[in-house]
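Work through these exercises with the coordinates open. Each one sets a task and then solves it in steps.

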Amino acid sequence: MDLLTTLVDKGLRRELPTREEALAVLATPDDDLLEVVAAAGKVRRQWFGRRVKLNYLVNLKSGLCPEDCSYCSQRLGSKAGILKYTWLKPDEASKVAAAGVAGGAKRVCLVASGRGPTDRDVDRVSETIEAIKEQNEGVEVCACLGLLSDGQADRLRSAGADAYNHNLNTSEATYGDITTTHTYADRVATVRQAQSAGLSACSGLIAGMGESDADLVDVVFSLRELDPDSVPVNFLIPFEGTPLAKEWNLTPQHCLRILAMVRFVCPDVEVRLSGGREVHLRSMQPLALHLVNSIFLGDYLTSEGQAGQTDLDMIADAGFEVEGAGTTTLPAHRSEQGGCGSHDGGCTPCEGTPEADPAAPAEAPAARTDLVAVRRRGAGTDLAPNA
């Protein structure tokens, strides 16, 4: 396919595709899926070889969030039967984190529900970061605490945080449809605060919320312009008790096309396969490793993932290897310069760009509610975590 040849060439040069090309990837037929995966896989291997970085989530404070994000089981008014608890003590969080590190995780992601941290919350998280780093030499720590106030990113960096996560989630045009208690601009501002403080920025999206392909392309292009070092790709987990509980819009094939599109637009960035992979990719998860170079090990914030050992077996069976603690994740041009240095903030459509054939409306996939398992182990419980 001329489209894929063009996209591979651009990916190897870190050149931004056109929006038309990105949309064409999402519109490719299932019959061409393996060609799409193989093409994007060439770009993935160019910048990351066959390494897979493992990340481990620790939910420091679960539920009871005052924000109204429609996709979230912890949102204001959520009736999802999730675990609810207040802040874990630093030693409790460190114990949970140690299980993930022992399972092979290179990065620990500390997450807390809420609009954003108070200064006291930053103190708590800082103590937790110090406890984790004291017990786990060389581990990376990423914080995800919501919207940041002035100076808070600097304080987290001083405490030892390596990165900060704050996802854009969806396109700017549709953001108000999923959240009303803060804005898309608020999210962009927090990512930029983290970058200004010297933290590695982590920002991604959620697919499957009823958005169009154009919305998916828009948010990924916005991420390219924002230039985070890692881009988590989540697939909506439709929790019962949330406004999006009936949104079952994804097939395994379309999930793979989305991941391929992200890789073509963000060729040299850590693309992380995140929440919802077990629910929507199911038995096709190993194919995604040809597109992404990072996954979460074990459980998520409020839902259970597949067994940690199953993750490790999947990586080995697919011919990949777990990235070691002594390996630098990002390509040298990003890790040394703090960015890829090739972004021009936009790209005009090229003449002769292939036009995608209009796709026939697909029959809605059957809802697999049996695959949504509320987390009942690990942080906030007396049961051992999944790692």
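**Exercise 1. Place Lys53 in the predicted model: find its element, its burial class and its contacts.**

Step 1. Lys53 belongs to strand 1, residues 51-61.
Step 2. The relative accessibility of Lys53 is 1%. Buried means under 20%. Lys53 therefore counts as buried.
Step 3. Set aside residues up to four places away in sequence. Lys53 then touches Lys106, Arg107, Glu140, Glu270, Asn293, Ser294, Ile295, Glu323 and Thr329.

**Exercise 2. Do the same for Pro232, then give the separation of its C-alpha atom from that of Val292.**

Step 1. Pro232 is found in strand 7, which covers residues 230-235.
Step 2. Its relative accessibility is 4%, so Pro232 counts as buried.
Step 3. Neighbours within four places in sequence are left out. The contacts of Pro232 are Asn165, Asn167, Cys202, Ser203, Gly204, Leu205, Arg272 and Ser274.
Step 4. Pro232 and Val292 are 60 residues apart along the chain. Their C-alpha atoms are separated by 9.5 Å.

**Exercise 3. Check the length of helix 9 and list what its buried residues pack against.**

Step 1. Helix 9 runs over residues 213-226, which makes 14 residues.
Step 2. The expected span is 1.5 Å times one less than the number of residues. For helix 9 that gives 20 Å. The end C-alpha atoms are 20 Å apart, so the two values agree.
Step 3. Its buried residues are Asp215, Leu216, Val217, Val219, Val220, Phe221, Leu223, Arg224 and Leu226.
Step 4. These buried residues pack against helix 2 (19-26), helix 8 (184-196), strand 6 (205-207), strand 7 (230-235) and helix 10.
Step 5. Look just past the helix. Asp227 has a positive phi of about 65°.

**Exercise 4. Repeat the length check for helix 10 and state how many of its residues are buried.**

Step 1. Helix 10 holds 14 residues, 252-265, and should span 20 Å.
Step 2. Its end C-alpha atoms lie 20 Å apart, which agrees.
Step 3. Helix 10 is mostly covered, with 13 of its 14 residues buried.

**Exercise 5. Classify the aromatic pairs, then find the charge that sits over the ring of Phe320.**

Step 1. A pair of aromatic rings is described by the distance of the centres and the angle of the planes. There are two such pairs in the structure.
Step 2. For Tyr175 and Tyr184, the centres are 6.1 Å apart and the planes are at 70°. Planes over 60 degrees apart count as edge-to-face, so this pair is edge-to-face. Tyr175 and Tyr184 are both buried.
Step 3. For Phe296 and Tyr300, the centres are 6.4 Å apart and the planes are at 80°, so this pair is edge-to-face too. Both Phe296 and Tyr300 are buried.
Step 4. The charged end of Arg50 sits over the Phe320 ring, 4.4 Å from the ring centre.

**Exercise 6. Test the whole chain against the globule rule and describe its surface.**

Step 1. The chain has 14 helices and ten strands.
Step 2. With 387 residues, a compact globule would have a radius of gyration near 21 Å. The chain has 19 Å, which agrees.
Step 3. The C-alpha atoms fill a box of roughly 60 × 45 × 40 Å along the principal axes.
Step 4. Of the 387 residues, 57% count as buried.
Step 5. Take contacts between residues at least 6 apart in sequence. Of these, 78% join residues at least 24 apart.
Step 6. The accessible surface is about 15,500 Å², and 49% of that belongs to carbon and sulfur atoms.

Terms used: Residues are numbered from 1 along each chain as its sequence is written. This is a predicted model: local features need pLDDT of at least 70, side-chain atom pairs count only at pLDDT 80 or more; totals for chains, interfaces and linings use all residues. Side-chain values use heavy atoms; hydrogens and water are left out. Rings of Phe, Tyr and Trp (its six-membered ring) pair if their centres lie within 6.5 Å; planes under 30 degrees apart count as stacked, over 60 as edge-to-face and the rest as tilted. Buried means under 20% relative accessible area, exposed over 50%, partly exposed in between (1.4 Å probe, protein chains only). A charge sits over a ring if NZ of Lys or CZ of Arg is within 6 Å of the ring centre and within 35 degrees of the ring normal. Helices (H or I, at least four residues) and strands (E, at least two) are DSSP runs, numbered from the N terminus. The radius of gyration is taken over C-alpha atoms; the globule rule is 2.2 Å times the number of residues to the power 0.38. Contact means heavy atoms within 4.5 Å. Accessible areas come from the Shrake-Rupley method with a 1.4 Å probe; for residues, only the protein chains shown count as cover.
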